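Here are a few friendly notes to help you find your way around a structure you have not met before. Have the view open and rotate it as you read.

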Amino acid sequence: TLRTGHGFIGLRVTEMPRIIPRVVRGKSRFPTGPARSLRLGAMSHVLSAVAWPYANGPRHIGHVSGFGVPSDVFSRYMRMAGHDVLMVSGTDEHGTPILVQSEQEGASPRELADRYNRVIVQDLHDLGLAYDLFTRTTTRNHYAVTQALFTGLYDNGYFVEQTTYGAISPSTGRTLPDRYIEGECPICGY
């Protein structure tokens with residue numbers, strides 16, 4: 001693994017590190033010590049799983065310097081060291097940021113995601129980042145893989161079914177993200 005001040009940015013597919021935070025002066029921190037070597041022995045398969053940016057607008061250089069560049073540097077280094085690297089990411093096209101921005105721009109969430117996916121893909125390409133796969137959360141394959149993962153977790157007892165309260169818009173019938181809710185909660189008073 002490669003450890004930075006912000007955590008782990010690349011993991012061997014066959015090995016997951018134990019990350020046990022410790023408390024130092026009241027703050028949780030990752031274990032410290034001598035830096036681990038990136039020498040993985042014979043050629044290894046390395047997965048570089050990069051954060052998925054929301055497709056709700058163009059990414060500025062600060063975003064890219066935080067998610068794209070470190071992973072690209074790590075992946076290039078591992079390839080130069082003779083490892084078989086798979087660097088994957090894509091645009092996240094679900095969630096509140098997409099809904100909020102689509103309403104602000106007067107577009108459907110899908111139209112917004114389609115437009116900004118093209119912008120983000122072009123920007124990352126123009127910067128020379130070398131993804132092996134840059135995809136989208138709205139592809140049929142992504143849906144199938146996600147459903148298979150969650151079904152496996154459900155079938156093996158890792159989910160607990162329960163009923164919860166949620167805020168519903170009376171005019172649209174949609175559930176409301178937290179940022180759309182104003183005032184005091186009638187249940188807990190917060």
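1. A definition to begin with: the bend at a residue is the angle between two axes, one fitted to the seven residues ending there and the other to the seven starting there. Please also keep in mind that this is a predicted model.

2. With that in hand, look at helix H1 (61-80). H1 bends by about 35° at Gly68, and Pro70 is a proline that follows within four residues. Just after H1 comes Gly82, with a positive phi of about 95°.

3. Which residues of H1 are buried? They are Val64, Phe67, Gly68, Ser71, Asp72, Phe74, Ser75 and Met78. Gly68, where the helix bends, is thus one of the buried residues.

4. Two of these, Val64 and Phe67, also belong to the largest nonpolar core. Its eight residues include Val50, Met87, Ile120, Leu124, Leu129 and Tyr131 as well. Helix H1 and helix H3 (109-126) are the elements that give two or more residues to this core. In soluble globular proteins, nonpolar side chains tend to be buried together.

5. Val50 is a good place to zoom in: leaving aside residues up to four places away in sequence, Val50 touches Phe67, Ser71, Met87, Val88, Ser89 and Tyr131. A second, separate core has five residues, among them Ala55, Ile98, Leu112 and Tyr116.

6. Finally, visit the largest pocket, with a volume of about 410 Å³. Of its 14 lining residues, Ala167, Asp178, Ile181, Cys185 and Pro186 lie nearest the centre. By class, the lining has nine nonpolar, two polar and three charged residues.

Note on methods
Residues are numbered from 1 along each chain as its sequence is written. This is a predicted model: local features need pLDDT of at least 70, side-chain atom pairs count only at pLDDT 80 or more; totals for chains, interfaces and linings use all residues. Side-chain values use heavy atoms; hydrogens and water are left out. On a 1 Å grid over the protein atoms alone, a cavity is a set of points where a 1.4 Å probe fits but cannot get out, and a pocket is an open set with protein on both sides within 12 Å along at least five of seven lines; lining residues have an atom within 4 Å of a point. Grid points are joined across faces, edges and corners, and a volume is the space filled by probe spheres set on the points. Ala, Val, Leu, Ile, Met, Phe, Trp, Tyr, Cys and Pro count as nonpolar, Asp, Glu, Lys and Arg as charged, and the others, Gly among them, as polar. A nonpolar core is a set of buried Ala, Val, Leu, Ile, Met, Phe, Trp, Tyr and Cys residues joined through side-chain atoms within 4.5 Å. Buried means under 20% relative accessible area, exposed over 50%, partly exposed in between (1.4 Å probe, protein chains only). Contact means heavy atoms within 4.5 Å.
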